[in-house]
Amino acid sequence: MKPNKNYKLETRSIFAGYDPAENFGAVKPPIHPASTFIFPDARTGAAQMETAYGIEGAETPPEDAFIYSRLGNPTLSVAEKRLASWDDTEMSAFFASGMAAISTALMAHTSKDRALWYVGPLYGGTQHIIDDILPKMGVDVILMDSLNKIDTMDISSGLPGMIYMETPANPTLQVHDISLATKWAREHETEDAKIIVAVDNTFLGPIIQRPLDLGADLNLYSATKYIGGHSDVIAGAVSGKTEAMAKVYEYRTFFGGIVDPWTSWLLARSMETLHVRVERQVNSARKILDFLQEKPGLKIFCAWKEDLEKVGDYKAAAIVHNQQKNGGAMMAIEIPGGRSAAFAFLDALEVFKLAVSLGSTESLAEHPASMTHAGVNPEEKIRTGITEGLVRLSIGLENADDLIADLESALEAARLSL
Ligand SMILES: Cc1ncc(COP(=O)(O)O)c(C=O)c1O
């Protein structure tokens, strides 16, 4: 079946990037482990290399011609076309990890003259790059209290190169208004000073939230999570329009953070089931939230409109309404009794696995303050609500009733530990 824009997203995307007719009718793509590719002749080789290096006056090389697997690879190409199709955009680039994707995008679009503006909280690894690495490279990093205050930011010393956010944010599910940032960027940028709006969409993925449709320039993922989806690959991705992606590809080539062909093949395969996994995880998450809502005194953090309205957070509910299809399958709960009660809760779980990461077939639980966000400084933890009682949950594909029973007995264990 040839991809056709009239088909719905799932139909267009699950098999995008691969044509069996070009591979003996094999219904699934082959893996190409080759590190290097033979040029048909010297002139074509020169055209390919010179084009890859952006040399002026280079001859146009043939389409889908490969050079060396640090620049591109046929198996990777299947995965990248598939993700670009899910994200409904021109280009996607896979990386060896989410951090490789994020650090490459940050370095590609910030410099000593073009600051990074961001809103928190952020995944601990991203926060580390922002606090400890970018400043050493001379990049000004500016934390905005809230995107609502973007109009009050001082631009007398220059425009930011990038506005960065994670929404919903890890681990408290705080949401940020993507359109507010993209509108501001489009109003303030100039032909010579483009402002890149980058959104880490790891917590929802393309089925639920589509930052590029809201005008964002780059959509980033830890593909280790929902896109890989089985806790058996480490990968990252960036999708976006050709212009913003050009520098991302250039920096990937020279930093060398590209993903390998074997992982690319697994990513391409996993994306065939992305929508069904996510739909099931979301349905179970909704049932689990309904159960948790019945527990008196339990503070719940999620990105579902109805739950946000219930606690009177109409601003966040409106953002969710505008930019998310639903609330996703991530949530956090604040276990009364601090760290010891949270640990008693985690140790009592049987169906949920006690591990970092998220977005997999199995349900996962972890303690952000001492695990994923252990490196975040204490003031920032307090400011962003990463308390000692906070437990993050990622809902997998098990039976929702079994997950609820597991939570019920772990909550009881936490209560008894007080
Ligand atoms: C929101 C978010 N962004 C980025 C990352 C980093 O991804 P990776 O572990 O694939 O490098 C993570 C990892 O947990 C994450 O949760």
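**Figure 1. Two domains make up the chain of this predicted model**. Domain 1 is built from two segments, 9–34 and 69–270. Domain 2 runs through residues 274–416. The C-alpha centres of domain 1 and domain 2 are 25 Å apart. Domain 1 brings 41 residues to the contact, and domain 2 brings 42 residues.

**Figure 2. The interface between domain 1 and domain 2**. Interface size is often expressed as the accessible area lost when the parts come together. Here, domain 1 and domain 2 bury about 3200 Å² between them. Carbon and sulfur atoms account for 63% of that buried area.

**Figure 3. The shell of residues around the ligand**. The ligand is surrounded by 14 residues. Met99, Asp200, Ser222, Thr224 and Lys225 are the closest of them. Sorted by class, the shell holds five nonpolar, six polar and three charged residues. Helix α4, residues 98–109, supplies three residues, the largest share of the shell.

**Figure 4. Polar contacts of the ligand with Met99, Asp200 and Ser222**. Met99 uses its backbone: a polar backbone atom sits 2.8 Å from an oxygen atom of the ligand. Asp200 uses its side chain: a polar atom there is 2.7 Å from a nitrogen atom of the ligand. Ser222 also contributes a side-chain atom, an N or O, at 2.8 Å from an oxygen atom of the ligand. On its own, the ligand has 390 Å² of accessible area, and the protein covers 92% of it.

**Figure 5. The cis peptide bond before Pro121**. Gly120 and Pro121 are joined by a cis peptide bond. Its omega is near 0°. Pro121 belongs to the loop that links strand β2 (116–119) and helix α5 (124–133).

**Figure 6. The cis peptide bond before Pro171**. The bond from Asn170 to Pro171 is cis, and its omega is near 10°. Pro171 lies in the loop between strand β4 (162–166) and helix α6 (178–188).

**Figure 7. A positive phi at Asp88**. The backbone of Asp88 has a phi of about 50°. That value is positive, although Asp88 is not a glycine. Asp88 sits in the loop between helix α3 (74–86) and strand β1 (91–95).

Methods. Residues are numbered from 1 along each chain as its sequence is written. This is a predicted model: local features need pLDDT of at least 70, side-chain atom pairs count only at pLDDT 80 or more; totals for chains, interfaces and linings use all residues. Side-chain values use heavy atoms; hydrogens and water are left out. A residue is near a molecule or strand if one of its heavy atoms lies within 4 Å of it. A polar contact is a pair of N or O atoms within 3.5 Å; within protein, one must be able to donate a hydrogen and the other to accept it, and residues adjacent in sequence count only if both atoms are side-chain atoms. Accessible areas come from the Shrake-Rupley method with a 1.4 Å probe; for residues, only the protein chains shown count as cover. Helices (H or I, at least four residues) and strands (E, at least two) are DSSP runs, numbered from the N terminus. Ala, Val, Leu, Ile, Met, Phe, Trp, Tyr, Cys and Pro count as nonpolar, Asp, Glu, Lys and Arg as charged, and the others, Gly among them, as polar. Domain bounds come from an automatic or database domain assignment. Contact means heavy atoms within 4.5 Å. Buried area is the accessible area (1.4 Å probe) that two parts lose on being put together, summed over both.
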